[in-house]
2 protein chains.
Amino acid sequence: MEGVDYLAAERKKAEFDVEEMKIVWAGSRHAFEVSDRISKLVANDPAFRKDERTMLPRKELFKNTLRKATYAWKRINELRLSEEEASKLRFYVDEPSFTDLHWGMFVPAIKGQGTDEQQRKWLPLAYKMQIIGCYAQTELGHGSNVQGLETTATFDPQTDEFVIHSPTLTSSKWWPGGLGKVSTHGLVYARLITDGQEHGIHGFIVQLRSLEDHKPLPGITIGDIGMKFGNGAYNTMDNGVLRFDHVRIPRDQMLMRVSRVTREGKVVESDVPRQLVYGTMVFVRQTIVQDASCALSRAVCIATRYSAVRRQFGSQNGGPETQVIDYKTQQSRLFPLLASAYAFRFVGEWLNWLYMDVMRRLQANEFSTLPEVHACTAGLKSLTTSVTADGIEECRKLCGGHGYLCTSGLPELFAVYVPACTYEGDNIVLQLQVARILMKTVSQLSSGKPPVGTMAYLGRIEPLMQYRCNVQKAKDWMNPNVVLEAFEARAARMSVSCAQKLSKFSNPEEGFAELSADLVEASVAHCQLIVVSKFIEKLQQDIPGKRVKQQLEVLCGIYSLALLHKHQGDFLATSCVTSKQASLANDQLRELYTQVRPNAIALVDAFNYTDHFLGSILGRYDGNVYPKLYEAAWKDPLNESVVPDGYHQYIRPLLKQQLRAAKL
Amino acid sequence: MEGVDYLAAERKKAEFDVEEMKIVWAGSRHAFEVSDRISKLVANDPAFRKDERTMLPRKELFKNTLRKATYAWKRINELRLSEEEASKLRFYVDEPSFTDLHWGMFVPAIKGQGTDEQQRKWLPLAYKMQIIGCYAQTELGHGSNVQGLETTATFDPQTDEFVIHSPTLTSSKWWPGGLGKVSTHGLVYARLITDGQEHGIHGFIVQLRSLEDHKPLPGITIGDIGMKFGNGAYNTMDNGVLRFDHVRIPRDQMLMRVSRVTREGKVVESDVPRQLVYGTMVFVRQTIVQDASCALSRAVCIATRYSAVRRQFGSQNGGPETQVIDYKTQQSRLFPLLASAYAFRFVGEWLNWLYMDVMRRLQANEFSTLPEVHACTAGLKSLTTSVTADGIEECRKLCGGHGYLCTSGLPELFAVYVPACTYEGDNIVLQLQVARILMKTVSQLSSGKPPVGTMAYLGRIEPLMQYRCNVQKAKDWMNPNVVLEAFEARAARMSVSCAQKLSKFSNPEEGFAELSADLVEASVAHCQLIVVSKFIEKLQQDIPGKRVKQQLEVLCGIYSLALLHKHQGDFLATSCVTSKQASLANDQLRELYTQVRPNAIALVDAFNYTDHFLGSILGRYDGNVYPKLYEAAWKDPLNESVVPDGYHQYIRPLLKQQLRAAKL
């Protein structure tokens with residue numbers, strides 16, 4: 001039966017050009033071509049197999065990751081891959097490893113925070129992987145609050161060195177990926193102290209292990225912090241713990257692009273704008289939003305395909321049962337996530353543009369838009385990662401019992417994804433930062449300073465406060481302007497309402513603390529508006545391909561109306577829509593589910609994921625689920641023997657009532 | 001520092017009698033005494049250690065579970081524990097194993113569905129564990145739809161036997177716990193065929209393995225279905241796959257209490273009421289609701305204690321930072337879950353009463369209330385397990401990064417809990433069953449047949465449709481009648497609205513399918529009302545202990561007002577409350593968070609969980625989190641050597657640029 005496509009009938013139903021949609025999803029024909037080629041290269045190389053990953057004990061798992069990482073590097077060099085291709089290859093290998101931190105954090109930090117001289121010294125070593133670096137910021141006692149880090153870097157003018165030290169147990173570096181077992185160097189963040197004075201948190205390049213025998217250098221204690229959530233998942237990564245006992249490094253290993261310490265121990269600020277950090281931040285968060293759309297789309301792809309394969313109930317006269325994808329309850333949970341995957345893809349694309357825009361402004365010393373940029377990237381990171389984490393688990397539940405098997409791929413996808421809600425800014429902390437900027441923007445509305453970028457709508461606060469939705473029938477909700485206005489009015493009114501409540505507090509900080517849960521809700525409303533508006537903007541572009549744009553319009557409708565339904569309380573409480581209009585939106589939503597149904601399989605095919613990358617029997621392209629589930633079961637270590645290890649010691653004495661003598 | 005209580009200051013803040021609250025939580029002084037004694041017995045016995053569980057590879061993990069299960073049985077016998085005590089001991093061992101299915105499904109099914117003669121034959125063997133049984137119902141292709149099972153049991157009148165057979169791959173039994181490696185017998189559900197005629201699904205006792213050497217009997221293929229979600233978690237269980245190739249069993253191994261097959265192959269119904277199945281169902285679901293409150297309270301206990309230990313931001317003049325439990329955002333996520341744990345405990349207690357009430361009615365041949373009982377147990381199973389699964393993950397996120405470590409206990413608690421959303425009825429399928437009964441009840445309102453039990457409020461449909469909430473200030477929301485009426489009106493109006501929409505469809509089944517997502521929402525509203533009303537009823541009882549009742553009133557307020565806020569859309573759309581009133585509810589909610597804050601630690605202490613049972617460094621009773629996290633890290637297998645296995649093969653060649661020769 002090999003080669004039969006059990007989903008062929010589904011694929012025939014599609015009303016749009018899937019190949020063109022693949023280009024839209026990838027972002028460009030070039031991006032599609034690279035992804036397609038590299039993903040197949042990885043999928044076809046047995047060295048990158050990952051189907052046994054969830055069964056491996058930690059040490060074997062980790063050793064196997066080391067092998068893959070080194071092999072990947074070898075292939076990158078053999079094939080002379082470009083930087084773009086190399087990064088795609090690591091992406092499709094799909095296994096967290098020390099190289100993520102080396103390339104994703106260590107190298108960029110040196111580039112961003114190192115002087116030209118420092119870059120010339122360290123980057124060539126890092127580029128060739130003659131040193132392997134990690135990013136040692138968080139500590140046992142401090143994550144979100146970077147300013148609270150306790151590790152110290154005390155300048156010793158006598159020797160022209162910094163003394164790196166962990167003064168307390170809670171100052172132990174804790175979590176850095178790649179630190180535990182692999183990195184030779186760490187970018188260590190510590191409180192700079194010179195001449196008895198504190199000068200805030202700075203980064204220092206510290207060699208951690210001998211380049212000869214890999215042993216930790218004197219004064220350095222390093223280890224792995226232990227097992228993390230899930231099978232496989234992040235257990236391929238050596239997140240580490242690190243303590244310093246007065247470790248000395250030369251002065252020139254402090255990253256000195258922004259501030260430097262002189263030979264005499266004076267701290268001198270350079271004229272490089274500190275706002276440069278915004279550029280890196282937008283870049284990193286843009287990556288996180290792209291990752292969100294990727295992770296969510298993988299889960300949705302698995303759940304959608306399996307929902308078309310799985311049949312349950314509804315058999316008539318002995319005929320086949322109903323495909324579960326035909327149930328409205330399934331659709332109302334699955335299709336909004338499908339739409340979200342597309343929505344996040346497009347907002348990620350826009351963030352990519354924003355990054356370039358920010359860099360251009362920075363070079364022109366134009367900093368005024370940065371708070372808004374900060375708010376929008378922080379908010380989108382928070383929104384998309386939260387929705388994605390929940391969405392993956394929802395997709396797992398949509399696969400019923402079999403979603404609980406590791407071979408479904410969903411447990412590992414969930415476990416490996418959820419840290420995104422915490423790293424690079426805890427999602428709630430980030431929404432509060434957005435809220436703070438929103439409140440400031442609202443308070444300055446009367447000052448004549450018009451809000452910019454994603455906050456520009458607040459400049460139309462008066463019409464938005466007057467706004468009344470004029471939807472009269474369900475179809476009216478298909479007008480993008482109607483949707484946009486409703487979302488703008490809701491977000492604006494929630495912000496204004498928070499601002500009004502805040503103004504009643506004599507101490508604004510107390511008010512902010514007291515109302516913080518409401519402020520988070522206002523901030524979420526603002527971020528949802530951004531996603532909706534960027535989806536709508538995308539649809540105003542020229543999008544080629546037969547009925548491709550129409551499909552995206554349906555998805556955009558689902559995305560926004562499902563949100564409207566879920567947050568009906570906001571829309572009604574702020575009188576943006578009437579309950580009748582909310583009910584019409586819900587009617588329209590059901591209609592859109594019906595429209596998307598025949599296209600569902602093709603819409604997930606458009607992600608162009610290989611079966612290797614998906615890593616899910618339930619999500620197989622050919623839909624040949626049951627025989628493969630059955631086959632895979634026998635590979636479990638427990639099935640190596642028919643009678644299990646432990647039978648003679650434990651089961652037999654139980655059955656034979658011979659427990660007194662049993663050694664237990 | 002051993003022995004210091006870092007949470008002592010928190011415990012001193014408590015305004016109520018914790019010891020009395022422990023009795024309320026346990027349900028009675030007797031229940032408390034048994035739980036307390038048995039949980040300590042388990043905690044103090046090193047044979048029941050579980051802190052290494054998440055690090056064990058599957059085979060070792062499984063073998064260790066076999067050891068614990070056998071050892072537990074030995075202790076139960078040595079200590080001559082009562083049935084209640086034995087069951088508590090298994091509960092506190094806290095490791096899923098074949099014994100759960102043996103005692104929880106196999107034995108009860110024989111009791112419930114076996115004739116007296118069958119019970120006399122099989123129960124003594126099962127009670128002594130001379131045979132070990134599992135419950136083999138679900139198949140690769142069928143879970144929710146039991147009537148779709150494909151396994152056949154064909155009566156052969158020549159030999160007076162049934163031939164048990166798996167006609168297709170999808171008919172393979174799949175998932176039964178204890179089946180994979182341990183059970184000697186299975187209660188196999190199959191389509192009964194006699195004389196070429198189908199007679200529906202029945203249960204058959206089938207011996208699976210030899211009692212001498214544990215090998216599968218001829219014609220039987222058995223194995224484990226492989227790794228499941230999470231570290232440790234359900235991987236201690238041998239969920240199994242089973243295929244039959246024309247396996248013969250004697251006729252008297254069909255469970256024949258309700259229907260029997262005669263020597264001639266005729267199917268004869270007995271006069272035992274088929275409704276007996278409801279008794280078992282209420283019993284099982286009552287257990288599930290109790291388990292929900294237990295799992296949720298464990299997660300809440302961990303997150304609450306850690307939130308009081310963890311400090312982040314807010315340091316003033318170098319003083320300590322703010323405990324994260326003091327942030328309103330933390331409170332608004334944590335305290336509703338704390339309140340839900342209590343709410344589920346009380347509704348579980350009520351379900352226990354309902355079970356006895358149902359049994360009494362069954363014995364009196366009184367079946368009229370059974371549909372309502374079915375709806376309420378199905379709905380509560382669905383509601384409590386969904387909230388608990390999400391709640392555990394929310395608690396994990398509330399613990400920040402460290403919640404992602406296995407030593408936090410939360411990843412395993414989540415992974416081991418989530419199947420509850422799927423087993424014993426998929427949660428969405430169950431809500432649709434509730435909705436069906438709700439719609440029937442609404443349609444019969446005019447018939448003069450008054451709705452009963454938890455649907456009785458629908459009998460007051462006219463005042464509920466007229467109802468207007470008269471809340472004028474935040475405090476008004478503390479009146480239980482005001483809350484109850486608002487929840488009743490909301491639930492009633494949502495049901496009526498669905499019924500009205502349904503009536504517009506010419507084909508009611510089509511309407512039901514089309515509107516199923518809305519029907520689920522109406523059903524959830526109904527189930528939330530049940531929980532709120534049972535909490536309020538509980539508070540009308542006499543509850544001794546200093547300020548114990550007051551604390552519970554605060555929690556009841558938090559439970560209901562947090563729901564009201566979350567589902568504001570429902571309340572506004574049905575005009576049950578105005579947006580002003582909803583906003584007042586939210587104000588009151590914040591006030592209640594402030595009231596519960598000083599009592600939070602004591603409220604989770606009242607669960608009386610040992611550190612062994614909690615299995616979480618973050619949730620330690622003494623709050624000594626950081627040193628213990630640090631200590632635990634070194635126990636990971638990866639830390640057995642300073643230089644990791646794989647260094648010479650993979651890391652060194654990378655660093656030394658010697659990849660060409662490397663074997664990868």
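Biologist: What makes helix 16 of chain A largely enclosed by the rest of the structure?

Modeller: Of the 24 residues in helix 16 of chain A, 21 are buried, so the helix is largely enclosed by the rest of the structure. Buried stands for under 20% relative accessible area. Do keep in mind that this is a predicted model.

Biologist: How do you know that the span of helix 16 of chain A agrees with 1.5 Å a residue?

Modeller: Helix 16 covers residues 516–539 of chain A, and its 24 residues should span 34 Å. The expected span is 1.5 Å times one less than the number of residues. The end C-alpha atoms of helix 16 of chain A are 35 Å apart, which agrees.

Biologist: And helix 9 of chain A: how far apart are its end C-alpha atoms, and what should its residues span?

Modeller: They are 52 Å apart, and 52 Å is also what the 36 residues of helix 9 (residues 328–363) of chain A should span, so the two agree.

Biologist: Why is helix 9 of chain A called mostly covered?

Modeller: Count its residues: 27 of the 36 are buried. Just after helix 9 of chain A comes A:N365, with a positive phi of about 55 degrees.

Biologist: Over to chain B. Where is B:T369 found, in terms of helix 9 and helix 10?

Modeller: B:T369 sits in the loop between helix 9 (328–363) and helix 10 (370–398) of chain B.

Biologist: Does B:T369 count as buried or exposed, and why?

Modeller: Its relative accessibility is 9%. The cut-off for buried is under 20%, so B:T369 counts as buried. B:V358 is 11 residues from B:T369 in sequence, and their C-alpha atoms are 8.5 Å apart.

Biologist: Let's turn to the strands. Why are strand 4 and strand 7 of chain A said to stand at the edges?

Modeller: Begin with the sheet, an open one of three strands in chain A, with the order 4-8-7 and antiparallel pairing. Strand 4 (173–174) and strand 7 (220–224) of chain A each have a single partner strand, so one side of each is left without a neighbour in the sheet.

Biologist: How do you know that strand 4 and strand 8 of chain A pair?

Modeller: Pairing needs at least two bridges, and strand 4 of chain A has two bridges to strand 8 (residues 240–244) of chain A, in the antiparallel sense. Here A:W174 is opposite A:V241, and A:K173 is opposite A:L242. Strand 7 and strand 8 of chain A pair over five bridges, also antiparallel; in strand 8, A:G240 is the bridge partner of A:D224.

Biologist: What makes strand 8 of chain A mostly covered?

Modeller: Four of the five residues in strand 8 of chain A are buried.

Biologist: Which order do the strands of the open sheet in chain B have?

Modeller: The order is 4-8-7, with three strands and antiparallel pairing. Strand 4 (173–174) and strand 7 (220–224) of chain B are the edge strands, each pairing on one side only. Strand 4 of chain B is joined to strand 8 (residues 240–244) of chain B by two bridges, with B:W174 opposite B:V241.

Biologist: What do strand 5 and strand 6 of chain B form?

Modeller: They form a hairpin with two residues between them, and B:D195 in the turn has a positive phi of about 55 degrees. Strand 5 (residues 185–194) and strand 6 (residues 197–207) of chain B are antiparallel and share nine bridges. In strand 6, B:I205 is the bridge partner of B:L187.

Biologist: How do you know that B:C301 is in no disulfide?

Modeller: The search of the whole structure finds zero disulfides over all chains. For B:C301, the nearest cysteine sulfur, that of B:C395, is 10.0 Å away. A disulfide needs the sulfur atoms within 2.5 Å. B:C301 is buried, with a relative accessible area of 0%, and B:C134 is buried at 0% too.

Biologist: Finally, the empty space. How many cavities of 30 Å³ or more does the structure hold?

Modeller: Three. The second largest cavity has about 220 Å³ of space, and its lining counts 24 residues, with A:T54, A:L56, A:M227, B:L56 and B:M227 nearest its centre. Helix 4 (58–78) of chain A and helix 4 (58–78) of chain B each supply at least two residues of that lining. By class, the lining has 10 nonpolar, 10 polar and four charged residues.

Conventions: Residues are numbered from 1 along each chain as its sequence is written. Chains are lettered from A and ligands numbered from 1 in the order in which they are written. This is a predicted model: local features need pLDDT of at least 70, side-chain atom pairs count only at pLDDT 80 or more; totals for chains, interfaces and linings use all residues. Side-chain values use heavy atoms; hydrogens and water are left out. On a 1 Å grid over the protein atoms alone, a cavity is a set of points where a 1.4 Å probe fits but cannot get out, and a pocket is an open set with protein on both sides within 12 Å along at least five of seven lines; lining residues have an atom within 4 Å of a point. Grid points are joined across faces, edges and corners, and a volume is the space filled by probe spheres set on the points. Ala, Val, Leu, Ile, Met, Phe, Trp, Tyr, Cys and Pro count as nonpolar, Asp, Glu, Lys and Arg as charged, and the others, Gly among them, as polar. Buried means under 20% relative accessible area, exposed over 50%, partly exposed in between (1.4 Å probe, protein chains only).
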